[in-house]
Amino acid sequence: MHERRFLYIPVHAKFTLALCFAIAWAALSIVLSLRWLADLADIVSWPMALIIIGFIAYVPGFMNAFMIGTIILDRRPPHAPPAVYPPVTILVACFNEALNIGDTLNSLARQDYPGRFEIIVLNDGSDDDTALVAARAVGRHKARSRGAFRLMNFEVNAGKSTVLNRGLAFATHDLVATVDGDCWLRPDALRRIVERLLADPPGTEAVAGAVLVRNSRRNILTRAQEWDYFHGIAAVKRMQSMYHGTLVAQGAFSLYTRRGLDAVGGWPPCVGEDIVVTWALLKAGYRVGYAEDALVFTNVPHEFKQFARQRRRWSRGLIEAFKAHWPLLFKWRLSTLFIWWNLFFLPLDLVYTFAFIPGLILALFGLYWIAGPLTLLVLPLAAVWNGFIYRVQRKMFRAQGMRVRANADGFLFYVFAYSLLMQPVCVGGYFAELAGLRKNWGTK
């Protein structure tokens with residue numbers, strides 16, 4: 001059977017095509033919303049109306065259109081097994097993960113990676129049975145696994161970035177992967193992420209793996225997060241990686257070169273150490289990729305309190321990244337668009353929290369000033385985007401002999417209610433970081 005051939009389009013040309021499509025969509029949205037804009041301006045003034053509708057409709061529409069255009073044009077090279085697989089060190093940082101660390105180490109022991117690899121378990125002063133469970137798992141796998149296991153127990157909790165840097169000092173190989181203590185890797189995950197690093201352009205110093213939800217059947221919140229990881233986060237990373245600028249090589253599962261980590265001083269002491277170190281790599285001129293088929297499954301928060309703590313931490317990490325690496329806003333490369341994109345998250349979440357949500361409440365009483373029939377005219381791309389991303393992700397699953405499980409109620413909650421929870425929480429995270437409130441690493 002002959003392989004399908006596609007016309008090669010240079011990356012810069014793909015970027016231009018996606019950008020033109022996004023601008024055209026934003027222009028159409030503005031035209032369709034003129035009546036809505038005028039009606040709202042009579043109530044709150046023209047500048048305020050432009051801010052509200054701009055961040056409710058124009059900016060999200062531009063983002064969705066650019067994402068769809070990019071993924072339609074995405075023709076990334078296939079994996080090509082190297083003649084020799086380089087050795088890898090895997091750092092597993094954990095804090096109070098007694099319930100999960102055993103499964104994590106079991107999945108690492110079953111990796112089919114053809115080269116040598118070592119697993120260094122970094123127990124960061126846990127006050128539960130993490131050390132005991134990890135020691136039993138290490139003892140069980142030490143003789144039978146292809147990987148070499150080591151357990152390092154630290155008596156005092158020092159924070160994730162500190163413990164990762166300690167592990168890096170003890171790592172014996174030039175490729176370093178990070179895995180969180182509550183994750184489960186598919187047997188081919190390490191092999192696929194290394195192959196992607198080797199297949200990506202020169203200068204690629206990190207690759208993010210694909211993180212999906214393991215405990216999605218726990219309740220409606222975890223079922224909604226399954227779609228967030230499967231649709232939203234995966235699509236954004238795929239888009240960013242096409243322009244060699246993935247903005248977060250997440251701690252849950254990513255691969256780095258020691259050269260890149262040493263060049264930026266390792267992981268910085270902050271709660272968003274993964275995003276900040278990724279931006280440091282980008283600022284140094286390196287590329288960061290994404291392996292969409294290197295799959296790891298993580299346990300997401302199943303209680304709203306845990307969920308809110310996690311998303312606040314992510315929001316604080318974004319502010320930390322801007323504080324440390326704001327010059328990226330003015331460093332020209334294709335991925336600079338995504339730095340500005342992230343800069344818009346704060347006003348997007350603010351407008352959503354303090355304008356759109358109240359607008360929904362007003363609409364229930366027949367007051368369609370902010371949310372109403374005209375809103376539907378400028379936001380239809382979200383439905384197209386969800387359908388398109390679903391097809392792309394389902395195709396990736398099928399290529400690995402997997403199928404997407406039915407989760408209709410989670411999808412409905414994700415589409416209609418998820419943002420009502422997430423955006424206000426993110427706003428709280430932004431203000432907590434700007435106010436300098438105390439931070440720690442615990443719940444992911």
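## A guided tour from Phe 66 outward

Begin by selecting Phe 66, which, once residues up to four places away in sequence are set aside, touches Phe 15, Ala 18, Leu 19, Ala 22, Met 239, Tyr 243, Leu 337, Phe 338 and Trp 341, where contact means heavy atoms within 4.5 Å. What you have open is a predicted model, in which local features need pLDDT of at least 70 and side-chain atom pairs count only at pLDDT 80 or more, while totals for chains, interfaces and linings use all residues. Residues are numbered from 1 along each chain as its sequence is written, and side-chain values use heavy atoms, with hydrogens and water left out.

Keep Phe 66 selected and add Trp 279, since these two touch the most other members of the largest nonpolar core, which has 96 residues. Such a core is a set of buried Ala, Val, Leu, Ile, Met, Phe, Trp, Tyr and Cys residues joined through side-chain atoms within 4.5 Å, and buried means under 20% relative accessible area, against over 50% for exposed and in between for partly exposed (1.4 Å probe, protein chains only). Colour helix H3 (residues 46-73) next, as the largest share of this core, 16 residues, comes from that helix; helices (H or I, at least four residues) and strands (E, at least two) are DSSP runs, numbered from the N terminus.

Now select Asn 342, found in helix H12, which counts as buried because its relative accessibility is 9%. Leaving aside neighbours within four places in sequence, Asn 342 is in contact with Leu 247, Trp 279, Leu 318 and Phe 322.

From there, show helix H12 (residues 336-343) together with helix H13 (residues 345-364), whose axes lie 4 Å apart at an angle of about 30 degrees, with axes taken as lines fitted to C-alpha atoms, for helices over the stretch in contact, and angles running from 0 to 180 degrees between N-to-C directions. At this meeting, Trp 341, Asn 342 and Leu 343 in H12 face Phe 345, Leu 346 and Pro 347 in H13 by contact.

Turn last to the sheet, an open one of eight strands in the order S3-S2-S1-S4-S7-S6-S8-S5, with mixed pairing; two strands pair if DSSP finds at least two bridges between them. Strand S3 (148-154) and strand S5 (183-185) stand at the edges, each with a single partner strand, so one side of each has no neighbour in the sheet. Within the sheet, select strand S6 (residues 204-213) and strand S7 (residues 253-257), which run antiparallel and are joined by three bridges.
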